[in-house]
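Good morning, and thank you for joining this group meeting. I shall walk through one structure, and I ask that you keep the view on the screen in front of you as we proceed.

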Amino acid sequence: MPSRIPVSLQVNGEVHEREVDARQLLVHFLRDDLGLTGTHVGCDTSQCGACTILMDGQAVKSCTVLAVQANGSTLRTVEGLAQNGSYHPVQQGFWEKHGLQCGYCTPGMMMTAVYLLEQNPNPTDEQIRHDLEGVLCRCTGYHNIVRAIQYAAAEMRKAGAATETRAS
Amino acid sequence: MAVAAPPKGVFGESVKRKEDPRLISGKGQFVDDVRLPDTLYVTFVRSPHAHARITGTDVARAKATAGVVEVYTGRDVADIPSVPCGWLLPESDLKIPAHPAIASDTVRFTGDIVAAVVSRSRAAGRDAANLVQITYEPLPAVTDAEEATKPGAPQLHPDVPNNTGFHWNAGMGDVDAAFAAAPVKVSLRIRNQRLIPNAMEPRGIVANYNQASGALTYWTSTQIPHTIKLLLAMVMGVPEQKIQVIAPEVGGGFGSKLYLYAEDLAMVHLAKIHGQPLKWIEEKRESYVATTHGRDQIQDAELCATADGRITGLRVKVFANLGAYQSLFAPGIPTILFGTMLTGAYKIPAIQGEVLGVFTNTTPVDAYRGAGRPEAAHLMERIVDRLAQQIGKDPVEVRRLNFIPASDFPYTTPTGPSYDSGDYAKALDKALDISGYQALREEQRQARAQGRLMGIGLSSYVEICGMGPSKVVQATGAQAALWESATVRVHATGKVTAYVGTSPHGQGHETAFAQMVATELGVGFDDVDVVHGDSGSVQMGVGTFGSRSMAVGGGALHMSLTKIKHKAVEIAAHLLEASVEDMVYEEGNIHVKGDPSRTKTIGDVALMAFMGGGLPEGMEPGLDATSYFDPQNFTWPFGTHIAVTDIDRDTGQVRLRSYYAVDDCGPLINPMLAEGQVHGGVAQGIGQALSEQAVYDDSGQLLSGSLMDYAIPTAEMLPDFQLGHTVTPSSSNPWGVKGIGEAGTIAASAAVVNSVVDALAPLGVTHLDMPLTSERIWNVIQSAPADGR
């Protein structure tokens with residue numbers, strides 16, 4: 001048997017210490033070892049983006065990261081999007097604007113959206129479409145995904161403005 | 001402050017989906033999320049050759065791999081029955097060669113299974129699969145359907161001369177006379193290229209066989225769980241009452257999850273041997289060769305017309321690629337679902353269609369997103385445009401001239417079907433209106449004057465949906481039931497569960513059916529849940545394909561709701577000491593006509609039905625009903641789509657500037673969901689038109705074997721879609737609905753190609769085959785007969 005390597009990482013606010021095979025992919029670690037099956041495997045060539053998560057704040061395809069490479073990292077998956085029982089604005093947007101159909105690409109699509117809105121809180125439709133190049137959807141034609149992300153962007157700007165008003 | 005009332009969630013409202021909270025939270029359960037203790041993993045070893053004889057197998061090293069339980073080759077499992085084909089075309093020379101689940105003698109495409117590894121972990125299975133030694137004697141291969149019929153072509157099956165799996169003919173009228181008399185004739189040779197479905201979730205199976213009880217629990221990513229149950233019973237001999245098939249969340253299907261595959265037979269066979277849960281999850285590159293493909297037709301089409309463009313005859317000959325074996329519904333796709341739709345939206349007096357189904361050393365081809373109808377619509381809409389170009393008329397006017405008029409419905413076509421209802425000109429007019437067609441043509445005139453390449457393309461489609469009357473479909477040879485079922489159970493507290501036989505994979509049935517229940521029973525949308533996809537809880541069913549779920553499944557639901565209302569009225573009348581004839585059922589209240597104060601709610605009645613004590617003499621307790629709906633006819637959605645493109649003369653790049661879609665699927669149950677279906681379908685049609693293509697080399701290797709090489713549309717490739725609707729109810733079901741799942745795909749490829757041909761028309765271009773990659777367009781521009789500036 002290949003040797004096992006200890007890893008320690010934080011996922012959705014919880015610290016996990018495990019031993020993993022050197023060759024285990026992060027997505028399989030999340031799904032098989034931690035039971036976080038919300039992150040999906042859609043391909044084996046890093047194209048589809050269904051497995052996209054946030055690793056230390058960066059959107060990464062977790063099928064293209066070894067579990068050992070994530071040692072010491074802070075991860076956020078779809079299961080960690082909602083806070084205190086409230087959906088993240090991106091989740092709200094996908095629900096409000098019918099941004100999903102079969103739901104298989106959705107976790108990766110939403111994590112990508114969270115990342116792109118952190119980078120650009122006020123994107124144009126064209127910028128959203130460009131930034132979604134690493135995630136594929138076969139059901140929606142992306143039309144409502146763009147609407148969903150714009151909805152989330154507006155909600156997040158509103159919340160940001162409210163926070164600023166309270167602070168001032 | 002006034003609080004807004006929550007949406008009632010009735011028929012016609014764009015309510016948010018019931019499915020979404022679990023899916024946006026990562027709490028949906030897809031097949032790979034099913035975790036059972038002591039699960040073993042199955043890894044299939046597949047042929048790297050497109051055509052070869054197996055000369056030897058050696059599994060010793062694979063078996064010795066740590067974590068491997070057993071390795072099976074074809075010889076070890078020779079008693080697995082042949083993979084079935086279930087569409088037995090009548091009056092044809094249909095041939096169904098043996099299709100071994102695991103090949104032991106000859107392999108016929110690069111996905112053919114040659115061995116199966118059972119292991120304690122996925123990784124061990126992968127390690128061992130690499131160590132299975134199969135030696136082959138390669139044979140010559142053929143991948144092109146027309147080439148495969150020629151003398152000297154490699155032969156796939158010993159009992160199928162010229163690789164011809166069937167001949168099929170359809171039509172009516174004197175086509176030869178029509179052509180002899182016609183002043184105008186146009187012809188096209190169209191390659192409708194092979195597509196790879198690419199549901200985002202590949203296939204997967206968990207099979208758990210209890211050797212003590214003989215019970216089989218079977219999770220599979222399928223569109224037809226109930227049909228899979230029946231097929232496993234009939235083919236694999238598991239007593240049907242001991243089988244439970246569950247389609248959990250299904251991550252897209254598009255027709256590719258509609259069959260009993262070789263893997264199904266192998267999984268059940270191995271599950272019986274091992275007696276513990278077995279899991280197989282298809283990998284994506286595996287999916288590219290192992291899951292059915294779509295389209296792949298070579299079409300020779302000729303059309304004749306009067307000088308002013310009235311179509312008088314159509315002649316079509318098609319080579320339809322079947323791949324290496326007859327998949328479950330394969331014979332029906334290029335025949336019944338293609339050939340009968342050749343007439344399209346037009347009145348054509350004489351039609352002749354001939355289809356050859358041809359075996360090649362490629363992945364089997366079966367239904368894919370539209371299934372035969374996109375191929376028919378593309379052909380018809382291309383050749384109608386060709387006619388317009390030939391006689392120098394606006395393609396709008398040629399369409400309008402030939403449309404079946406609204407006054408002619410129901411209309412029986414020369415190929416046999418009877419269209420239920422339609423107003424094709426109305427949808428066309430709406431599309432012209434929302435696209436600003438006249439302004440676009442004016443802009444095009446200016447663009448052309450400046451040497452710019454701008455195109456406007458139309459596609460006016462009609463599709464056969466709402467599959468269908470069992471009797472009619474069975475008469476075409478389909479060994480399938482086509483009714484649908486629904487049970488409605490009103491609980492004692494007035495909450496409702498509907499159990500439906502359809503099996504969604506993204507369409508939003510839980511929402512749409514709940515809207516239907518809320519509408520009829522007058523209960524709250526949130527008080528209704530819909531159960532589907534589990535043969536252990538749903539009475540019976542057929543499945544979701546052919547845009548049938550709302551038309552046929554909705555029909556069954558309507559029948560059960562009607563029965564519930566009748567019983568509820570009887571109970572209310574009894575409680576109110578009134579006669580049944582005097583009762584009115586209105587928005588969940590059952591009151592005496594003219595006296596709304598004498599009323600019972602559906603909740604009151606449900607509790608009474610459950611308690612039983614106060615019911616009318618002789619009435620059974622309970623408030624539920626089960627119904628089976630087998631429609632009298634199919635449904636025939638239609639519409640017109642318009643695509644506007646700009647072409648970069650220097651690079652050949654096609655920019656799809658805007659896309660307009662006007663569809664008529666009857667009344668919209670949930671406009672937001674219906675529009676979502678159109679968006680996705682249109683994206684697929686655009687994908688076929690611009691970028692998607694399965695490519696084999698001459699030896700039968702799939703060159704476009706992964707998402708790196710096969711270009712499904714990305715967000716950036718697509719425009720916003722501008723949608724419109726007309727509403728022409730169907731007479732085939734009580735809701736008047738027609739189905740919307742496939743419309744976009746059926747319309748879109750022709751709209752885009754017509755647009756690009758239109759853009760390049762000043763250069764003398766009359767036809768282009770898909771996909772319209774920049775390389776193809778650049779070459780066309782370079783070799784164009786006219787400069788067009």
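Let us begin in chain A, with a single pair of residues: A:Ile53 has A:Val60, in strand 4 of chain A, as its bridge partner. That bridge belongs to the pairing of strand 3, residues 52-55, with strand 4, residues 58-61, which is antiparallel and runs over four bridges. The two strands of chain A form a hairpin with two residues between them. In the turn, A:Asp56 has a positive phi of about 50°.

I should say at this point that what you see is a predicted model. Its scores are ipTM 0.97 and pTM 0.96. For chain B, the mean pLDDT is 96, with 99% of the residues at 70 or more. Residues 1-7 of chain B, however, have a pLDDT below 50, and this stretch has three contacts in the model beyond near neighbours in sequence. Where pLDDT is low, the predicted coordinates should not be read in detail.

We return to chain A for helix 2. Is this helix enclosed or open to its surroundings? Helix 2 of chain A is largely enclosed by the rest of the structure, because six of its eight residues are buried. The buried residues are A:Pro89, A:Val90, A:Gln91, A:Gly93, A:Phe94 and A:Trp95. Just after the helix, A:His98 adopts a positive phi of about 55°.

Next, the contact between the chains. How many residues does each chain bring to it? Chain A contributes 43 residues and chain B contributes 42 residues. On the side of chain A that touches chain B, the elements giving two or more residues are helix 2 (89-96), helix 3 (106-119), helix 4 (125-131) and helix 5 (143-167). The residues on this side of chain A comprise 21 nonpolar, 16 polar and six charged.

Finally, please turn to chain B. Here four strands make up an open sheet, in the order 18-26-27-28, with mixed pairing. Strand 18 (453-462) and strand 28 (721-725) of chain B are the edge strands, each pairing on one side only. From one strand to the next, the twist averages 15°. As a general point, strands of a sheet pair through backbone hydrogen bonds, either parallel or antiparallel. Within chain B, strand 26 (residues 638-647) and strand 27 (residues 654-664) pair in the antiparallel sense over 10 bridges. B:Thr645, for its part, has B:Leu656 in strand 27 of chain B as its bridge partner.

Technical notes: Residues are numbered from 1 along each chain as its sequence is written. Chains are lettered from A and ligands numbered from 1 in the order in which they are written. This is a predicted model: local features need pLDDT of at least 70, side-chain atom pairs count only at pLDDT 80 or more; totals for chains, interfaces and linings use all residues. Two residues are in contact if their C-beta atoms, placed from the backbone, lie within 7 Å. Ala, Val, Leu, Ile, Met, Phe, Trp, Tyr, Cys and Pro count as nonpolar, Asp, Glu, Lys and Arg as charged, and the others, Gly among them, as polar. pLDDT is the predictor's confidence in each residue, from 0 to 100. Two strands pair if DSSP finds at least two bridges between them. Axes are lines fitted to C-alpha atoms, for helices over the stretch in contact, and angles run from 0 to 180 degrees between N-to-C directions. A residue is buried if 20 or more other C-beta atoms lie within 10 Å of its own, exposed if 12 or fewer, and partly exposed in between; C-beta atoms are placed from the backbone.
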